[in-house]
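Here is a quick tour for anyone meeting this protein for the first time. Have a look at the sequence and the model, then read on.

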Amino acid sequence: MTNPLGTSTVAVGPLGLGAASIGNLYRAVPDDQAAATVAAAWDAGVRYFDTAPHYGLGLSEQRLGRALAERPRDAYTLSTKVGRILVDDPGGTGDDLPNGFAVPATRRRVWDFSADGVRRSIGDSLARLGLDRIDIVLMHDPDESSAPEQALREAYPALDALRREGVIGAVGVGSKDPGILARFATETDVDVLMIAGRYTLLEQPALDEVLPTCVERGISVVNVGVFNSGLLAVEWPDETRPYEYGTAPAEVLARAQGIATACRRHGVTLPQAALAFAAAHPAVASVVVGAGKPGHIERSADWFAQPAPPAALWAELVAAGLLRPDAPVPA
């Protein structure tokens, strides 16, 4: 089963693999482990893969391209991103861990949402991936750049032109900021929004404006960060689990544990419920999960394939104030 993105001809599977981890997110991943992770995702039925130049200073794109090289090109959908140009930095020393990736700092990122920057970024990504086309191109975190308006006024028109020419299949934007997502949803004709960590079982701010606008305008959603950086990825979240790539505040941890307690009462694991919820909104075309080991994507695929949690679970969460009553739940 695949779901179309907006009015485009591009479709994605309901579960996708996010390739940041195979770009050495926080820790080094051996080449063979990265390849095995992509292979495990394929064997689990995953046919949508997401990457970006930002992930490991291009390492994620290179590894993903190699891992998919022997797969039929028409059998999978791939997205990458624009906004950060990679520039060689021969004098760079140390690693890229300040930006989250355990790779040598031999390149640096330069924000560039200009039309020329978009075309250069896509060309560089095609070379790293070893492909002749990219299905989906997303503007990456424009809210974090020094010139977010450039993404709206220059990057989007450039991508729209490439879409009209058939060079790329679908255009979108990815962000953690509901405000910038809402602007793109209302001011452009994007096919897809990638919502990062803002529509999860723990918190649903995207319900305020972003998701209703997507439904109204026929924009599809790729939901990522649905475990809130790992807090919801275990049966019982404790203070060792990350939240927003840091330590969970006491009130956030208590909320997560309250949800986990309800899940236990209904015979459901917290990550299983988190994935089911993340996919239930009618605008969501795909839920993308990250993995740096074969077992991680296999486990997520197994959770995703489980029957929908019982209606009584969602009713209890709403009654306890742990879930918004206007949030669609799995049937």
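## A walk through the model

Arg217 is partly exposed, with 36% relative accessible area. Keep in mind that what you're looking at is a predicted model. The side chain of Arg217 meets that of Asp189 in a salt bridge, with N and O 3.0 Å apart. Arg217 sits in helix α6 (residues 210-217) and Asp189 in the loop between α5 and β12 (192-196), so this pair ties together parts that lie 28 residues apart in sequence. Asp189, for its part, is partly exposed too, at 47% relative accessible area.

Let's step back and take in the whole chain. It has 10 helices and 16 strands. Its radius of gyration is 19 Å, close to the 20 Å that the globule rule gives for 331 residues, so the chain is as compact as a globular protein of that length. Along its principal axes, the C-alpha trace spans about 55 × 40 × 40 Å.

How much of the chain is buried? Buried residues account for 53% of the 331. As for the outside, the chain exposes about 13400 Å², and carbon and sulfur atoms supply 51% of that. Contacts tell you something about how the chain folds back on itself: take those between residues at least 6 apart in sequence, and 73% of them join residues at least 24 apart.

Now for the charges. There are 29 positive and 40 negative side chains, and the centres of the two sets lie 2 Å apart. The count of salt bridges comes to 25. Here are three of them, side by side.

| Salt bridge | N to O distance |
|---|---|
| Asp31 and Arg63 | 2.7 Å |
| Arg183 and Glu187 | 2.9 Å |
| Arg217 and Asp189 | 3.0 Å |

The Asp31 pair links distant parts of the chain: Asp31 belongs to helix α1 (residues 31-43) and Arg63 to helix α2 (residues 59-68), 32 residues apart. Arg63 has 8% relative accessibility, so it counts as buried.

Arg183 and Glu187 have another kind of arrangement. They are 4 residues apart in helix α5 (residues 178-187), so about one helical turn separates them. Arg183 is partly exposed at 26% relative accessible area, and Glu187 is partly exposed at 39%.

Salt bridges can also join up into something bigger than a pair. Which residues are linked in a network of salt bridges? They are Arg73, Asp74, Arg133 and Asp135.

One member of that network, Asp135, turns up again around Thr77: the two are in contact. Thr77 lies in strand β5 (residues 77-82). Is Thr77 buried or exposed? With a relative accessible area of 11%, Thr77 is buried. Setting aside neighbours within four places in sequence, Thr77 also touches Val10, Ala11, Val12, Arg47, Tyr48, Phe49 and Ile136.

Next, take a look at a glycine. Gly45 is in the loop between α1 and β4 (48-50). Gly45 counts as partly exposed, with 47% relative accessibility. Gly45 and Gly16 are 29 residues apart in sequence, while their C-alpha atoms are 9.3 Å apart in space.

Helix α8 (residues 270-280) is worth a stop as well. It is mostly covered, since 8 of its 11 residues are buried. Those buried residues are Leu270, Pro271, Gln272, Ala273, Ala274, Leu275, Phe277 and Ala278. What covers them? The cover includes two strands, β13 (220-224) and β16 (284-290), along with the helices α7 (250-265), α9 (294-305) and α10 (311-319).

Last up are two backbone oddities. Most residues other than glycine have a negative phi. Leu57, though, has a positive phi, near 55°. Leu57 is found in the loop between β4 and α2, and it is buried, with a relative accessible area of 5%. Asn228 also has a positive phi, of about 50°, although it is not a glycine. Where is Asn228? You'll find Asn228 in the loop between β13 and β14 (242-243). Like Leu57, Asn228 is buried, with a relative accessible area of 1%.

Key: Residues are numbered from 1 along each chain as its sequence is written. This is a predicted model: local features need pLDDT of at least 70, side-chain atom pairs count only at pLDDT 80 or more; totals for chains, interfaces and linings use all residues. Side-chain values use heavy atoms; hydrogens and water are left out. The radius of gyration is taken over C-alpha atoms; the globule rule is 2.2 Å times the number of residues to the power 0.38. Buried means under 20% relative accessible area, exposed over 50%, partly exposed in between (1.4 Å probe, protein chains only). Contact means heavy atoms within 4.5 Å. Accessible areas come from the Shrake-Rupley method with a 1.4 Å probe; for residues, only the protein chains shown count as cover. Lys and Arg count as positive and Asp and Glu as negative; His and the chain ends are not counted. The place of a charge is taken as NZ of Lys, CZ of Arg, CG of Asp or CD of Glu. A salt bridge is a side-chain nitrogen of Lys or Arg within 4 Å of a carboxyl oxygen of Asp or Glu.
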